[in-house]
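I opened this notebook to record what I looked up, entry by entry, beginning with one helix and its neighbours and then moving to some loops.

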Amino acid sequence: MRALTTLPGRGNTLRLETLPDPEPGPGELLVEGLAVGVCGTDRSIAAGEHGSAPPGRERLIIGHESLGRVRRAPASSGFAAGDLVVGLVRRPDPVPCGACAHGSPDMCRNGRYTECGIKERDGYAATLWTVDPAYTVRLPPGLERTGALLEPASVVAKAWDQVGQVGARSWFAPASVLVTGAGPIGLLAALLGRHRGLEVHVLDRTEHGPKPRLVRELGAEYHTDEVEPVLRRLRPDVVIEATGAAPVALGAMGNLGAYGVLCLTGLSSAGRTVPIDAGALNRELVLDNAAVIGSVNAHRDHYAAAAAALAGADADWLERVLDHRLPVDRFREAFGPRRRGGVKTVLELTADGSG
């Protein structure tokens, strides 16, 4: 098989290499890799800033936004050859913590989980991979071209689930949402917001290119102003923060409004300081009964919810979210400088003779 590997902790070590075909363990599926999405986490790992290889190994097969087709499946697995599938990213820690012991490794308390393509477990940027059926989600055939969006969509599905759980502490009937950021996570958050029947607003600095058009085609409104005046004008019930930009996140915290819920999904870079009136921020959050929550990764149920949302979405719209398709041989281009105004890059995996 061919696989895209890197040396975690060392930049410029990404390479496409030929490795022995994997042999599925008892009960596992053998899957032909079709595509893998590329996100900021992948770029960070490739730059040597993040990630860790499996124990006893130097190199890590990268890639956590998977899409594949089952080649072989045990009769008792619930899957069959030809099924379109996605592999979950996180596996529970071996201790385990209470959350992992109750089937929620996405909420792991002690950090000893592993993650495919990220932390101590090989990922999915390979022409062949194996996976336990318990960590596999079947997709409908209509998502052959866009199923690599399932993992980021699952992150969004979890964010919406968390918002609902926090809102349920009292009467909660949200009518509007502001999504900050029109990257893949932001666009998918807007998509799921529209599926919920909400009035959706998206804030992004990009004024041209595909992002404004994709937002408006959802029936949502696109904004390019600063976050504070937009929030004061709209007073949305929910804010999904998907930029990871500290000024945007803090601006959203300070302008939530009564019983507002802010869900942070973007990762901010450390080391940047932003002037803030901490007393005023605390006062507003308390007096408004507002809530700020962080959300990362996803549970199997969130993958299933995301799969249903993608299956019900406009196929052409999803295709245009994946606006940069490259063969895996051109991986350096995929991991190079980000395209101005672009949305999402996906690498298409091609099997070699041994795969």
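**Entry 1: helix 3.** I looked first at how covered helix 3 is, and found that 15 of its 18 residues are buried, where buried means under 20% relative accessible area, exposed over 50% and partly exposed in between, with a 1.4 Å probe and protein chains only. I note that this is a predicted model in which local features need pLDDT of at least 70 and side-chain atom pairs count only at pLDDT 80 or more, while totals for chains, interfaces and linings use all residues. Residues are numbered from 1 along each chain as its sequence is written, and side-chain values use heavy atoms, with hydrogens and water left out. Helices here are DSSP runs of H or I with at least four residues, and strands are runs of E with at least two, numbered from the N terminus.

I then checked the length of helix 3, which covers residues 150-167: at 1.5 Å a residue its 18 residues should span 26 Å, and the end C-alpha atoms are 25 Å apart, which agrees. The expected span is 1.5 Å times one less than the number of residues.

**Entry 2: helix 3 against helix 9.** How do the axes of helix 3 and helix 9 cross? I found that they come within 8 Å and cross at roughly 110 degrees, helix 9 being residues 300-312; the axes are lines fitted to C-alpha atoms over the stretch in contact, with angles from 0 to 180 degrees between N-to-C directions. Helix 3 is therefore roughly perpendicular to helix 9, on a scale where under 35 degrees counts as roughly parallel, over 145 as roughly antiparallel, 65 to 115 as roughly perpendicular and the rest as oblique. The crossing is right-handed, meaning that the near helix is turned clockwise from the far one by less than a right angle, whereas anticlockwise would be left-handed.

For the residues that meet, I used contact as heavy atoms within 4.5 Å. On the helix 3 side I listed Leu-150, Glu-151, Ala-153, Ser-154, Ala-157, Lys-158 and Asp-161, which meet His-302, Tyr-303, Ala-305, Ala-306, Ala-307 and Leu-310 in helix 9. By class, this contact has 8 nonpolar, 2 polar and 3 charged residues; Ala, Val, Leu, Ile, Met, Phe, Trp, Tyr, Cys and Pro count as nonpolar, Asp, Glu, Lys and Arg as charged, and the others, Gly among them, as polar.

**Entry 3: helix 3 against helix 4.** I repeated the lookup for helix 4 (residues 184-195), whose axis comes within 9 Å of that of helix 3, with a crossing at roughly 55 degrees. Helix 3 is thus oblique to helix 4, and this crossing is right-handed. Pro-152, Ala-153, Val-155, Val-156, Ala-157 and Trp-160 of helix 3 meet Ile-185, Leu-188, Ala-189, Leu-192 and Gly-193 of helix 4. I counted 10 nonpolar residues, 1 polar and no charged in this contact.

**Entry 4: helix 7.** In helix 7 I noted Val-248, Ala-249, Gly-251, Ala-252 and Met-253 as buried, and their cover includes strand 12 (176-180), helix 6 (227-234), strand 16 (261-264) and helix 8 (278-287). The axes of helix 6 and helix 7 come within 9 Å and cross at roughly 30 degrees, which makes the two roughly parallel. Val-227, Glu-228 and Leu-231 in helix 6 meet Pro-247, Val-248, Gly-251 and Ala-252 in helix 7, and by class I recorded 5 nonpolar, 1 polar and 1 charged.

**Entry 5: loops and backbone.** Most residues other than glycine have a negative phi, and most peptide bonds are trans. I found a cis peptide bond joining Val-95 and Pro-96, with omega about -15 degrees; Pro-96 lies in the loop between strand 7 (90-91) and helix 2 (98-101).

Which is buried and which exposed, Asn-12 or Asn-297? Asn-12, in the loop between strand 1 (2-6) and strand 2 (15-18), has phi near 60 degrees and is exposed at a relative accessible area of 81%. Asn-297, in the loop between strand 17 (291-294) and helix 9, also has phi near 60 degrees, but counts as buried at 8% relative accessibility.
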